[in-house]
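Reader: I am new to this structure, and I would like to understand how its labels are justified. Could you take me through them with care?

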Amino acid sequence: MIEQTLISTEEKVRGAQVETDSEFDDRNIKCVDCGENFIWTAGEQVFFHDKGLKNEPKRCKGCKQAKNERLAAIAAAQSSGVRQRIEVSV
């Protein structure tokens, strides 16, 4: 009985993988920061879908990491009481 349960569980997992793989295909997206194209993989799309995220990514991994580092530096400076000017090009 345990073997039968394990087999049916494996079949469900395989079925779910086939279903999600056919639903999502790799997509090319242009990064808003650097302008380069990057691939939003089917696996990443499944993750977004599972988490309930509606918007596709706008930045490639490198630009996203750079943005997060800038935001972390600003937050650290603000928490330490250092006034920091944010320069924006228009």
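Author: What follows is a set of questions about the labels, each answered by setting a value against its cut-off.

Author: Please keep in mind that this is a predicted model. The protein chain has three helices and two strands, and from the N terminus on these elements run α-β-β-α-α.

Reader: Why is W40 called buried?

Author: Buried means under 20% relative accessible area, and W40 has a relative accessible area of 8%, so W40 is buried. Not counting residues up to four places away in sequence, W40 touches D25, D26, R27, I29, Q45, F48, E56 and P57.

Reader: What makes F48 buried or exposed?

Author: The cut-off is again under 20% relative accessible area, and the value for F48 is 18%, so F48 counts as buried.

Reader: Which label does F47 receive, and why?

Author: Partly exposed is the class between buried, under 20%, and exposed, over 50%; F47 has 47% relative accessibility, and therefore counts as partly exposed.

Reader: How many aromatic pairs does the structure hold, and why is the pair of W40 and F48 given its name?

Author: The structure holds two aromatic pairs. For W40 and F48, the ring centres are 5.2 Å apart and the planes stand at 75 degrees; rings pair if their centres lie within 6.5 Å, and planes over 60 degrees apart count as edge-to-face, so this pair of W40 and F48 is edge-to-face.
F47 and F48 also form an edge-to-face pair, with 6.5 Å from centre to centre and 70 degrees between the planes. Through such ring pairs, W40, F47 and F48 are linked into a cluster.

Reader: What makes up the largest nonpolar core?

Author: The largest nonpolar core has seven residues, namely I29, C31, F38, W40, F48, C60 and C63. A core of this kind is a set of buried residues joined through side-chain atoms within 4.5 Å, and two of its members have already been discussed: W40 is buried at 8%, and F48 is buried at 18%.
Across the protein chain, buried residues make up 14% of the 90 residues.

Reader: What makes the nonpolar patch on the surface?

Author: The residues I86, V88 and V90 make a nonpolar surface patch of about 400 Å². The name rests on residues with over 30% relative accessible area and no salt bridge, whose nonpolar side chains are joined within 5 Å. V90 lies in the segment after α3 (61-79).
For the protein chain, the accessible surface comes to about 8000 Å², of which 52% belongs to carbon and sulfur atoms.

Conventions: Residues are numbered from 1 along each chain as its sequence is written. This is a predicted model: local features need pLDDT of at least 70, side-chain atom pairs count only at pLDDT 80 or more; totals for chains, interfaces and linings use all residues. Side-chain values use heavy atoms; hydrogens and water are left out. Patches are made of residues with over 30% relative accessible area and no salt bridge: like charges are joined within 9 Å, nonpolar side chains (Val, Leu, Ile, Met, Phe, Trp, Tyr) within 5 Å. Accessible areas come from the Shrake-Rupley method with a 1.4 Å probe; for residues, only the protein chains shown count as cover. A salt bridge is a side-chain nitrogen of Lys or Arg within 4 Å of a carboxyl oxygen of Asp or Glu. Helices (H or I, at least four residues) and strands (E, at least two) are DSSP runs, numbered from the N terminus. Buried means under 20% relative accessible area, exposed over 50%, partly exposed in between (1.4 Å probe, protein chains only). Contact means heavy atoms within 4.5 Å. Rings of Phe, Tyr and Trp (its six-membered ring) pair if their centres lie within 6.5 Å; planes under 30 degrees apart count as stacked, over 60 as edge-to-face and the rest as tilted.
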